[in-house]
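This briefing is meant to be read beside the coordinates, and it keeps to a few local features of the backbone and their surroundings.

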Amino acid sequence: MELFVGTFNFPYIYTLSFDARLAHLNVTHVSHATGPHAWLSFAPNQKTLYAAAWDPSSVAAYRSQRDGPFHTLELLDTKPVANPPGYVVASDSYLYSVGGATGEAFHVDGDGALGDLAQQLEFTTGGGTNGSEPGGSGGAGLRFGAHGVDLSPDGHTLYVGDIGSNAVWTFSVSEEANGSSAALTDQQKNRVTREDDGPRHTWPHPNGNILYVIQEHANMVDVFRVSKHRDGTVEDLEHLQGASVLPPGKNISDYWADEVRFSTGPPGHIPKYLFTSTRAHNASLKGYVSAFELDSKGHLVRTEAIDRWETPTSGGIANAIEPAPWVAGASPNVQYLAMTDDAAGKVYILGFDGARIREVSEATLEIPAPDREKFNGTVRAATAVWVAPVRGPAE
């Protein structure tokens, strides 16, 4: 299995290979990038990798291609955006980006390259600063504004987690006559549960009826029911459950929650587990990855975690997790996850067997030898995305 990993501080995207049978992870290639990329996201067909950049504020498109035994990247183009983007997500026709008080929708060309700006989005940050400098803490705009953006499974709804507005914005993705996604309409601000939750990122269940939200400030993961009007537009988000992503007794002000994802396999099965991660503000503390059990409707079976794994460091501004595609024939019933560690400059592979999270393997990201006179220091690992395994004829 392969994955791409971006960085917070150097202009590279790393290709890594993970062998589940040998429990081995290694870097196989380093692709040069337009700048550091804090977030990566594939096109639905996985032929294009899209990336968010803070300096300058922009989004980029790369062609993903197999070069011998591993994948490499070729730059297609870049487009400027109004503020440093937190996340990007793509449909077949559009790339969506958000950051701070603004967001964008770009046309996507047939080859995956970015076309013209189709729509500019505006968000009210509810009193938070709209500063545009990311800095070491992830950026004033991102820390106190819109941060995450995701599409519903059917592609008809766009969700935006807004830390500063303490809300999740929803948009309807309208359709053109040819059936491709088009303009965003019906912008709606859905307040979340607690006074200072700080919704960082959302993750929709495959059934389209459940939305998970990771709350950066409250260090909670919440389960919402997505109620819709007859025309399919979102009516509201109804809070159903909430669970702490921290061990009992921890001070939430010492931590900031990061990511929420669910299990990927076996194929054809609904997600059985929900995974969350959190980071520590202080380098002397450690972060956590937690696993929760889900029922057939996407609800938490219990609000207590099955297991929590203490991360090797605070995680810096990463500790981002990404479940791997299901590995048939490897260790029975094991879900593998990639976790990026900004503080240590490492990528970890974790394994969850339904009862316990454990470290399986790790790899350190290093500056390529020809560039070591130009750059020095720890390569600050940002986020990872997995390359879907080829299930048909070889490429």
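The points below cover a strand hairpin, cis peptide bonds and positive phi angles.

The model is predicted. Residue numbers run from 1 along the chain as its sequence is written.

**The hairpin of strands 12 and 13**
- Strand 12, which spans residues 146–151, is mostly covered, since six of its six residues are buried.
- Strand 12 runs antiparallel to strand 13 (residues 157–162), and five bridges join the two strands; one pairing is that of Val-149 with its bridge partner Val-160 in strand 13.
- Five residues lie between the strands of this hairpin, and in it Gly-155 adopts a positive phi near 75°.

**Cis peptide bonds**
- Asp-55 and Pro-56 are joined by a cis peptide bond with omega about 0°, and Pro-56 sits in the loop between strand 5 (48–54) and strand 6 (57–67).
- The peptide bond from Gly-265 to Pro-266 is also cis, with omega near 0°, and Pro-266 belongs to the loop between strand 20 (255–262) and strand 21 (273–280).

**Positive phi outside glycine**
- Asn-219 is not a glycine, yet its phi is positive at about 55°; this residue is placed in the loop between strand 17 (210–215) and strand 18 (220–228).
- Asn-219 counts as buried because its relative accessibility is 0%, where buried means under 20%.
- Asn-319, a residue other than glycine, has a positive phi near 55° and is found in the loop between strand 23 (307–310) and strand 24 (320–323).
- Asn-319 has a relative accessible area of 0%, and is therefore buried.

Key. This is a predicted model: local features need pLDDT of at least 70, side-chain atom pairs count only at pLDDT 80 or more; totals for chains, interfaces and linings use all residues. Side-chain values use heavy atoms; hydrogens and water are left out. Buried means under 20% relative accessible area, exposed over 50%, partly exposed in between (1.4 Å probe, protein chains only). Helices (H or I, at least four residues) and strands (E, at least two) are DSSP runs, numbered from the N terminus. Two strands pair if DSSP finds at least two bridges between them.
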